[in-house]
Amino acid sequence: MKYEYVPKPECIDRRFFRKGPWGQGICHLHICEHDSTEWQDKLLFRDYLRFHPEAVSEYASLKEELAHVHKLDRHAYTERKGPFIRRIIDFARLTGENKLTKGI
């Protein structure tokens, strides 16, 4: 099974690809320009989760709840995760946790 490019006009700094049947993708791939804002945000989120297991648990619980509530609505599932992700990225940037990314 190959990745399929999915045009998303709202995705300015990245390209989105998926595997699997429409609406039931089994894998998503986001490609960002190196060192773009999107790139930096994804690394901030990843690194924050690496160093904060309590945030991992909170994110896992949120994803499980949303997957149950929105099992037939991938768009709603993704939209509802957004505020959590944005909060972590903003907090990591505000507290200087972005320095973690530079050392990895």
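**Reading helix packing and a pocket**

Analyst: Let's open with one pair of helices: α1 and α3 are roughly perpendicular to each other. Please keep in mind that this is a predicted model.

User: What is used to describe two packed helices?

Analyst: Two packed helices are described by the angle between their axes and by the distance between those axes. Here, the axes of α1 and α3 cross at roughly 90 degrees and come within 9 Å. Angles from 65 to 115 degrees count as roughly perpendicular, so that is the label for α1 and α3. On the α1 side, the contact is made by D41, L44, F45 and Y48, and α3 brings F84, I85, R86, I88, I89, F91, A92 and R93.

User: How many of the residues in the contact of α1 with α3 are nonpolar, polar or charged?

Analyst: Nine are nonpolar, three are charged and none is polar.

User: Let me try another pair. At what angle do α1 and α2 pack, and how far apart are their axes?

Analyst: The angle between α1 and α2 is about 110 degrees, and their axes are 5 Å apart. These two helices are therefore roughly perpendicular to each other. To find the contact in your viewer, pick out F45, Y48, L49 and F51 in α1, then P53, A55, V56 and Y59 in α2. The residues of this contact divide into eight nonpolar, no polar and no charged.

User: How do α2 and α3 run relative to each other?

Analyst: Start with the angle again: the axes of α2 and α3 cross at roughly 165 degrees and come within 9 Å. An angle over 145 degrees counts as roughly antiparallel, and α2 and α3 are therefore roughly antiparallel to each other. The crossing of α2 past α3 is right-handed. From α2, the residues A55, E58, Y59, L62, K63, L66 and A67 meet Y77, R80, K81, F84, I85, R87 and I88 of α3. By class, this contact has nine nonpolar residues and five charged ones, with no polar residues.

User: Now the whole chain. In what order do its helices and strands come?

Analyst: From the N terminus on, the order is β-β-β-α-α-α-α, which comes to four helices and three strands. The C-alpha atoms fill a box of roughly 40 × 30 × 25 Å along the principal axes.

User: How should I read the surroundings of a strand residue, say F17 in β2?

Analyst: Compare separation in sequence with distance in space. F17 and L29 are 12 residues apart in sequence, and their C-alpha atoms are 5.0 Å apart. Leaving aside neighbours within four places in sequence, F17 is in contact with Y3, E4, Y5, C27, H28, L29 and I31.

User: And the pockets: what is the volume of the largest one, and which residues lie closest to its centre?

Analyst: The volume of the largest pocket is about 1,200 Å³. R14, F16, H30, T78 and K81 are the closest to its centre, out of 35 residues that line the pocket.

User: Which elements give two or more residues to the lining of the largest pocket?

Analyst: They are the strands β2 (14-19) and β3 (27-32), together with the helices α1 (37-51), α2 (53-69) and α3 (74-94). The largest share, 10 residues, comes from α3. For the chemistry of the lining, count by class: 14 residues are charged, 12 are nonpolar and nine are polar.

Methods
Residues numbered from 1 in each chain as written. Predicted model: local features only at pLDDT ≥ 70, side-chain atom pairs only at ≥ 80, totals over all residues. Heavy atoms only, no water. 1 Å grid on protein atoms, 1.4 Å probe; cavity = no way out; pocket = protein on both sides within 12 Å on 5 of 7 lines; lining within 4 Å. Points joined across faces, edges and corners; volume = space filled by probe spheres on them. Nonpolar A, V, L, I, M, F, W, Y, C, P; charged D, E, K, R; others polar. Axes fitted to C-alpha atoms, helices over the stretch in contact; angles between N-to-C directions. Parallel < 35°, antiparallel > 145°, perpendicular 65-115°, else oblique. Left-handed = near helix turned anticlockwise from the far one by under 90°. Contact = heavy atoms within 4.5 Å.
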